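Got a model open and want to know how the labels on it are earned? Let's go through a few of them, one at a time.

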Amino acid sequence: MKSDDLGHELQVEASSQRLFVDAKNLREFFGIEYASNLGSMLHQLTEQIGRSVPPVVPAPNDISTIEKNAMVHSLSRSDAEDPNKVYCTHVRRNPNNGERSIFNSNKTKLLRPLLYDKLQNERHISFCYSFDKDKERTDSDILKHFAEDEQYFKGETS
């Protein structure tokens, strides 16, 4: 992904040794002019990318804002969500006892790790997001409303 345009991305298979992409697509994505030493240049680029990828996934607190935005953008698109929806508004029980997606879990681990920790074992609820910052709620408010909804649906209203 381009750091200034997360919608401009190149998705490729990769290993620790190489990128599985044809030279033309790689060259065009990075804006590299064709040259006679193109193979050498692409090899150097691949090595540099390999050195830039951490050997282990860092903890959410150790991820830069740019990296977090890129990860959320990718996770949201994979989950057919608007990547601009980053403000958690509530949680909901999924219809038909459906399980939340891995993308929704991973997005929440990044954006709301404490809320995720509280509800990670509730596989049948999903975390809901908005693009409107004014709709964002605190973890305690989200948990309070979720508990109230659960009581209502169980017929335990007072």
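Q: Why is Thr89 called buried or exposed, whichever it is?

A: This is a predicted model, and in it Thr89 has a relative accessible area of 9%. Buried means under 20%, so Thr89 counts as buried. Its place is in strand β3.

Q: What does Thr89 touch, not counting residues up to four places away in sequence?

A: The list is Cys128, Tyr129, Ser130, Lys135, Glu136, Arg137 and Ile142.

Q: What makes the link between the side chains of Thr89 and His90 a polar contact?

A: The distance is 2.8 Å, and the cut-off is within 3.5 Å. These two are neighbours, and residues adjacent in sequence count only if both atoms are side-chain atoms. Here the contact runs from side chain to side chain, so it passes that test too.

Q: How do you know that β3 and β4 pair?

A: Pairing takes at least two bridges, and six bridges join β3 to β4. The two strands run antiparallel, and His90 stands opposite Cys128 in β4.

Q: Why is β4 described as largely enclosed by the rest of the structure?

A: Because six of the six residues of β4 are buried. In a regular strand the side chains alternate between the two faces of the sheet. Both faces of β4 are covered: Ile125, Phe127 and Tyr129 are buried on one side, and Ser126, Cys128 and Ser130 are buried on the other.

Q: How do you know that Cys88 and Cys128 are not in a disulfide?

A: Check the sulfurs. The sulfur of Cys88 is 7.3 Å from the closest cysteine sulfur, the one in Cys128. A disulfide needs the pair within 2.5 Å, so this is too far for a bond. By this rule the count comes to zero disulfides.

Q: What makes Cys88 and Cys128 buried or exposed?

A: Cys88 sits at 0% relative accessibility and Cys128 at 14%. With the cut-off at under 20%, both count as buried.

Q: Which residues make up the largest nonpolar core?

A: There are ten: Cys88, Val91, Leu115, Tyr116, Leu119, Ile125, Phe127, Tyr129, Ile142 and Phe146. At least two residues each come from β3 (87–93), α5 (113–119), β4 (125–130) and α6 (139–153). A second, separate core of six residues includes Leu19, Leu38, Leu42 and Leu45.

Note on methods:
Residues numbered from 1 in each chain as written. Predicted model: local features only at pLDDT ≥ 70, side-chain atom pairs only at ≥ 80, totals over all residues. Heavy atoms only, no water. Core = buried A, V, L, I, M, F, W, Y, C linked by side-chain atoms within 4.5 Å. Buried < 20%, exposed > 50% of the residue type's maximum accessible area, 1.4 Å probe, protein only. Helix = DSSP H or I, 4+ residues; strand = E, 2+ residues; numbered from the N terminus. Polar contact = N/O pair within 3.5 Å; in protein donor to acceptor, adjacent residues only side chain to side chain. Contact = heavy atoms within 4.5 Å.
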